[in-house]
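Reader: I should be grateful for a close look at the interior of this protein. Please describe which parts of the chain meet there, and then follow the description outward to the surrounding loops and the surface.

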Amino acid sequence: MRKLKVIIQYMLFPISFLTITAIIVIFPMKSMVTVIEAKVTQLIANGAPDVISSSQLIEEWSMQKSIFELGEIKIPAYGERYGNIVSQHANLDVDLYYGDDDKILTLGAGQYDNEVIPGKKGIILIGGHNITYFEPLQNIKIGDEVIITTNYGSFSYCAYETKIVNIAEESMYDYSSDEEILILYTCYPFEHIKNESNERYIIYCSRNKK
């Protein structure tokens, strides 16, 4: 009789353990599922957003990036990285900074701070070192696309002229222009290091019309 009681006790112990475990684990899970189901039902009732493809997301994102009001754009702070320049044909891909001092040009391409930024009419003058970031400029051909992407939009330009000029030549650019002109320049020849040449290699680009 005593052995029977011991056997029953051993049998009841695992059953009790399993029961307690079910109460602790399974019931909360059931409650969580109930909460999730209720949330989904609420979303459906309120009009949950439709599922769209990744291509649709990219298209909508691109459209949003290209729509902006220039009046709301603030001129970047001097030394601020505010975009990048890409020309796939020339294998050019470089960060763009506002300002063009020596420190900035060790980081990427530097834009002359004349308060004309991509998307506004005027001369956008951007320089870079010929043996580092702007070395690919020698590969840009007439008709190639140059894209500047900023935090407020993406802007496409077309290279229409290349020129080699002396740094003393004042006709390199005309700041009175009422068109949006992108000018990329670097020291020339390309194999020469800084301060060894008085010549500059220049690429003129016009804004592509949409």
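Author: Two residues are said to be in contact here when they have heavy atoms within 4.5 Å of each other. With that criterion, among contacts between residues at least 6 apart in sequence, 59% join residues at least 24 apart. The model under discussion is predicted. Its protein chain contains three helices and eight strands, arranged along the sequence in the pattern α-α-β-β-α-β-β-β-β-β-β. Of its 210 residues, 31% count as buried, a term that stands for under 20% relative accessible area.

The interior is best approached through the largest nonpolar core, which has 28 residues. Ile 85, Ile 126, Phe 134 and Leu 182 are the members that touch the most other members. At least two residues of this core come from each of strand 1 (81–87), strand 2 (92–98), strand 4 (122–127), strand 5 (145–150), strand 6 (153–166), strand 7 and strand 8. Strand 2 provides the largest share of this core, namely four residues.

Leu 182 may serve as an example of the packing. Neighbours up to four places away in sequence being set aside, Leu 182 touches Ile 124 and Ile 126, Val 146 and Ile 148, Tyr 157, and also Ile 203, Tyr 204 and Cys 205. Apart from the core just described lies another, of nine residues, which includes Leu 125, Met 172, Ile 181 and Ile 183.

Tyr 185, a residue of strand 7, makes contacts with several parts of the chain. Leaving aside residues within four places in sequence, Tyr 185 is in contact with Leu 125, Ile 126, Gly 127 and Gly 128, with Phe 134 and Leu 137, with Arg 200, Tyr 201 and Ile 202, and with Asp 100. One of these partners is Gly 127, and the C-alpha atoms of Tyr 185 and Gly 127 are 4.9 Å apart in space although the two residues are 58 apart in sequence.

Gly 110 belongs to strand 3 (residues 109–111). It counts as buried because its relative accessibility is 0%. Beyond four places in sequence, Gly 110 touches Tyr 97, Gly 99, Asp 100, Ile 104 and Leu 105, together with Leu 125, Ile 126 and Gly 127. The C-alpha atom of Gly 110 is separated by 9.6 Å from that of His 129, a residue 19 places away along the chain.

His 129 is itself found in the loop between strand 4 and strand 5. At 18% relative accessibility, His 129 falls under the 20% limit and therefore counts as buried. Between the C-alpha atoms of His 129 and Cys 187 there are 6.8 Å, with 58 residues separating the two along the chain.

Thr 150 lies in strand 5 and is likewise buried, because its relative accessibility is 6%. A polar atom of the Thr 150 side chain lies 3.1 Å from the backbone nitrogen of Tyr 152.

Which features mark the loops? In the loop between strand 7 and strand 8 lies Pro 189, which is joined to Tyr 188 by a cis peptide bond with an omega of about -5 degrees. Asn 91, in the loop between strand 1 and strand 2, has a positive phi near 60 degrees although it is not glycine. Asn 91 counts as exposed because its relative accessibility is 66%. Glu 115 also has a positive phi, of about 65 degrees, without being a glycine. The loop that holds Glu 115 runs between strand 3 and strand 4, and with a relative accessible area of 53% Glu 115 is exposed.

Finally, there is the second largest pocket, which contains about 160 Å³ of space. Its lining consists of Gly 119, Lys 121, Glu 179, Glu 180, Ile 181, Ser 206, Arg 207 and Lys 209. By kind, these residues divide into five charged, two polar and one nonpolar. At least two lining residues are supplied by strand 7 (180–188), and at least two by strand 8 (199–207). Strand 7 and strand 8 also each give at least two residues to the largest nonpolar core, while Ile 181, part of the pocket lining, is among the members of the nine-residue core.

Notes: Residues numbered from 1 in each chain as written. Predicted model: local features only at pLDDT ≥ 70, side-chain atom pairs only at ≥ 80, totals over all residues. Heavy atoms only, no water. 1 Å grid on protein atoms, 1.4 Å probe; cavity = no way out; pocket = protein on both sides within 12 Å on 5 of 7 lines; lining within 4 Å. Points joined across faces, edges and corners; volume = space filled by probe spheres on them. Nonpolar A, V, L, I, M, F, W, Y, C, P; charged D, E, K, R; others polar. Core = buried A, V, L, I, M, F, W, Y, C linked by side-chain atoms within 4.5 Å. Buried < 20%, exposed > 50% of the residue type's maximum accessible area, 1.4 Å probe, protein only. Polar contact = N/O pair within 3.5 Å; in protein donor to acceptor, adjacent residues only side chain to side chain.
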